[in-house]
Structure formats: structure tokens, C-alpha cells
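Reader: Hello! I am new to this structure and would love a close look at one part of it. Could you walk me through some of the charged pairs?

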Amino acid sequence: MLLISALVILAHGSLITVRKASLIEAISCTNQGRDRSQRAKVEVLAKKLEAINPTRRPLASDKLSACWRLLYTTSDAILGMPRPLPFQPRPRILQHISVEKLAAKNEEWVLGGILKNSVVAQLTPRKDGRTVDVGFKQFRIGWVPVNVDPAKFRGVLETTYLDDDLRISRGDKGNLFVLAREGPPVI
């Protein structure tokens, strides 16, 4: 019986490895999601990986608190698509999450990396252990802070897959986010 359990665990681990590699390969040529030609394929691969999520309650896991680098998203707003090219974030978009502090901070660099924009948010966990209500508190355009009312600037984020180095989340507007662990959070 122990041998069968060990084989099942190994097979599950191999399946995760194969599905992660397929997803990362599919998103590698999308310029973080700006190239939309792979969206349907990425969506299917993300759903396959979400189906075997090894962390059912991410908010209860120490894996979620980290600095996460965006690999892919379907959110035009996060990619800065409505903005002129010099003001679109490149090449790094980071999200710091601290479950202990119930806080998040997103960072992007524009104008060739000269200017850093950020937004700080408070997180309110839901009972399912994977979803948070997000209340944005402060936007920073370069060096200029803009405080806002978190009750008016809100969102929802569900972590649908989490392991030691990859996270998949979905937002309340239907957007998909795929992120890689970059290090500890700086909040």
C-alpha cells in the first residue's frame, strides 16, 4: 500500500512538472500577454494546472508571501496597453504579498526603467482560503503619492494555483495572472 501511495505522489508530481513546463513554454513568446495569439492555449493550460493545485488553501500557506514577477496576464490595464509605448511597463512587473500583514504592493517600471510606479493595497481574506478582497490605498506615480479610499478602489483576487515557484491567480474582471517567485516580499 505504501508503494502505491508513493507511486501516486510521484506521478502527481510529474504531471505538475509537465503541465508547468507546457504553460511556461506557451507564455514565453507572448510578451507577458501583449501578443494575444496564444490566449486560448494559455487558458487551457492554466486550467489544467489549476485542476491539480497542490496548495488548496493558499492563504494558510507560507508559500504565498513573496515577491512575484509577472510572467503573463490577460489584463490590458496591468500591461499598460492603453498608454503610449514609453509608459507601458517593461520588462518587470512585480507583486509583493504579505499574508501576515494582509498587504500587497504592485510595482512597474516605465520610461525604459527610469520611473517606478506602484500601488499599495490592503487584503481582506475570504473564508475559502484562496480569495482576498483588495482595497487599494495608495498609488505612486514616480515620486508622487496619491492616497485613495480603499472602499472606492476595490478588486478581488483568487489564487487558483500555488507551489514553491509558480502562482496562478484570477481577478474579478476575469483576468488571468501567471507569476514566478522572485524572492521575499518588500512591503
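Reader: To start with, which residue forms a salt bridge with Asp128, and how far apart are the closest N and O atoms?

Author: Happy to help! Please keep in mind that this is a predicted model. The partner of Asp128 is Arg130, and the closest N and O atoms of this salt bridge are 4.0 Å apart. As general background, side chains of opposite charge can pair when their charged atoms come close.

Let us look at how open this spot is. Asp128 has a relative accessible area of 26%, so Asp128 is partly exposed. Arg130 also falls in the partly exposed class, with a relative accessibility of 33%.

Arg130 has another partner to show you. Arg130 forms a salt bridge with Glu158 as well, and here the closest N and O atoms are 2.7 Å apart. Where do these two sit? Arg130 is in the loop between β4 (115-125) and β5 (131-141), while Glu158 belongs to strand β7 (residues 154-162), so this salt bridge ties together parts that are 28 residues apart in sequence. Glu158 counts as partly exposed too, at 26% relative accessibility. Elsewhere, salt bridges with shared partners link Glu43, Lys47, Glu50 and Arg170 into one network.

If you would like to follow another pair, try Asp76 and Arg39. Their side chains meet in a salt bridge with an N to O distance of 3.7 Å. Asp76 lies in helix α3 (residues 76-79) and Arg39 in helix α2 (residues 39-50), so the pair joins parts that are 37 residues apart in sequence. Asp76 is partly exposed, its relative accessible area being 27%. For the whole model, the count comes to 16 salt bridges.

Arg39 also leads us to a residue with a rather different setting. Thr73 is found in strand β1 (residues 66-73), and Arg39 is among the residues that Thr73 touches. Other residues touched by Thr73 include Gln32, Gly33, Ile78, Leu79, Leu176 and Phe177. Thr73 is buried, with a relative accessible area of 0%. A polar atom of the Thr73 side chain lies 2.9 Å from the backbone oxygen of Leu176.

How values were computed: Residues are numbered from 1 along each chain as its sequence is written. This is a predicted model: local features need pLDDT of at least 70, side-chain atom pairs count only at pLDDT 80 or more; totals for chains, interfaces and linings use all residues. Side-chain values use heavy atoms; hydrogens and water are left out. Helices (H or I, at least four residues) and strands (E, at least two) are DSSP runs, numbered from the N terminus. Buried means under 20% relative accessible area, exposed over 50%, partly exposed in between (1.4 Å probe, protein chains only). A polar contact is a pair of N or O atoms within 3.5 Å; within protein, one must be able to donate a hydrogen and the other to accept it, and residues adjacent in sequence count only if both atoms are side-chain atoms. Contact means heavy atoms within 4.5 Å. Lists of a residue's contacts leave out its neighbours within four places in sequence.
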